[in-house]
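Thanks for coming, everyone. Please have a look at the structure on the screen, and then I will walk you through it.

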Amino acid sequence: MKAPAELSIAEAARELRARRASSRELVEACLARIARWQPHVNAFVELDAEAALAGAREADERLAKGDLQPLTGVPLAHKDMFYRVGRVSNCGSKIRRGWKASTTSAALERLSAAGALQLGTLNMAEFAYGPTGHNEHFGDCRNPWDTRMIPGGSSSGSGATVAARLAFGALGSDTGGSVRLPAALCGVTGLKTTLGRVSRHGAMPLSHSLDTIGPLARSAEDCALLLRAIAGHDPRDPTTSREPVPAEADLASRSALRVGVSTAWLEGQADPQVAAAVLEAARVLRGRGIEVREVSAPELEPLFVHAMVVMQAEASAQHARWMRERPADYGAAVRARLEPGYAIPATAYLESLRARTPLLERFCATTLAGVDAWLAPVVNLLAPTLEQTGAKGGAEMRRIIGELTPLTRWVNYLGVPALALPGGFDERGLPIGLQLVGRPFGEGTLLRLGMAYQQATDWHLRMPPEPS
Amino acid sequence: MVKEALLLQRIEVAPERAERIEGALRPVLEAAARSAPPLEFETDPTSHAVALERCKA
């Protein structure tokens, strides 16, 4: 058997069911790695080793009796914004530090029902409102590939944890790129789900028209396993869809797949190393028998500005009470992001919301006409440092942060799914991320494409060097 | 405009911050207005949930 840390969720679950490994071994392997890595990456906010070991003992007993739940005994860890009754969810903030939830999030409930264990809660941007991984209340999260670099946010701890193999998978949330950015910058696989695919009951809200929940894991196959556990209609979140969740058989389908790529657009705007990685991915997909066509890129700027208007108005409304009563308890960066939202006219906000139906239809009828997914980078630029993007980053800070989300926010505005995949490394040895953007509820197709890509590449198997 | 909006909503900001917000927000709002597609009179924001079903894979 491989070392526990090298197993995917799918492999670990198979080993557990075959009784070749125990849940206790998996948990202990994760705890040992957390002890080595945590001082370097600050990915965990709270570690509950005792509860995880107790859960592992129970899981091993169930497995011995023939339990066949898909995730029984698999240790996961989640962004510190998924509530569990009686447990603390700090939401990366001073305001909610020590706050205990009175309900359990639907996503955590469903993972528990599938047998998964939780090792602890993970660092995140304050109130999930930041793309870098900085956090002045709980300390910055760092990129396991180079701790000077940002891990990406807002699900920073989720990206760092999965990359460093501190847990087998993690939940994140994505309102403007918060699953895909850490997935891309940390070199793991992350799924931004269709709006309404996963219940948001018991998850901290940021912008209700854009918020989605999705998994970060080592592979597309693992994301599929986690998606199957968490997706589906939930009466406690009336925005959830009754659309069938992709089954294992759907992912094994051999029907033809087609991918669109926009070479001239890509070469005109992305860093050459990023553009080369995307074009190489298109070549790999072609080699797997997938038809790759040139398509027109969506007009991203209008989508980006409408996404900004919606997100700023909704996030600021969500935070209005605390912004009035205790503004000094916000970090400076988050407060600065919230303040402009109060000056967005209601008519501008509603017009941006009204515009998204025709803009979604236009995207599906143009870029996606004749293809199943559009292949693009997650970020156009190479990973910046924490210093460049932090409070002391100077004049360049604003520009660099502004360049992190133009390729991610528009996806949330349209409400469509996107799968972020590791697509190589830059000259400094840092991961480069790709994304496949699909039609609404097209997660199954994206995951099939991701699995085909990962059968031909090994980027997702690479692990950051052990900390010294 | 921004200063009034913040005051009305009881959001306190640092001196001169309202002016900086206005400078940053103006191009975003102008771009949003400029790029809004011509909308049918009946278009309402809740139509997006239906559009997701209509455009699904």
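I will begin with chain A as a whole, then turn to its core, and end with the contact with chain B.

A word on conventions: this is a predicted model, in which local features need pLDDT of at least 70 and side-chain atom pairs count only at pLDDT 80 or more, while totals for chains, interfaces and linings use all residues. Residues are numbered from 1 along each chain as its sequence is written, and chains are lettered from A and ligands numbered from 1 in the order in which they are written.

Chain A holds 17 helices and 11 strands, meaning DSSP runs of H or I with at least four residues and of E with at least two, numbered from the N terminus. Its C-alpha atoms fill a box of roughly 60 × 60 × 50 Å along the principal axes.

Of the 468 residues of chain A, 61% count as buried, that is, with 20 or more other C-beta atoms, placed from the backbone, within 10 Å of their own. In the largest nonpolar core (buried Ala, Val, Leu, Ile, Met, Phe, Trp, Tyr and Cys residues joined through C-beta atoms within 7 Å) there are 164 residues, and A:V74, A:L76, A:A107, A:V259 and A:L375 touch the most other members. Helix 11 of chain A, residues 300-318, gives the most to this core, with 10 residues.

Finally, the contact, where C-beta atoms placed from the backbone lie within 7 Å, takes 39 residues from chain A and 32 residues from chain B. On the chain B side, helix 2 gives the most, with nine residues.

Note on methods: Buried ≥ 20, exposed ≤ 12 C-beta atoms within 10 Å, placed from the backbone. Contact = placed C-beta atoms within 7 Å.
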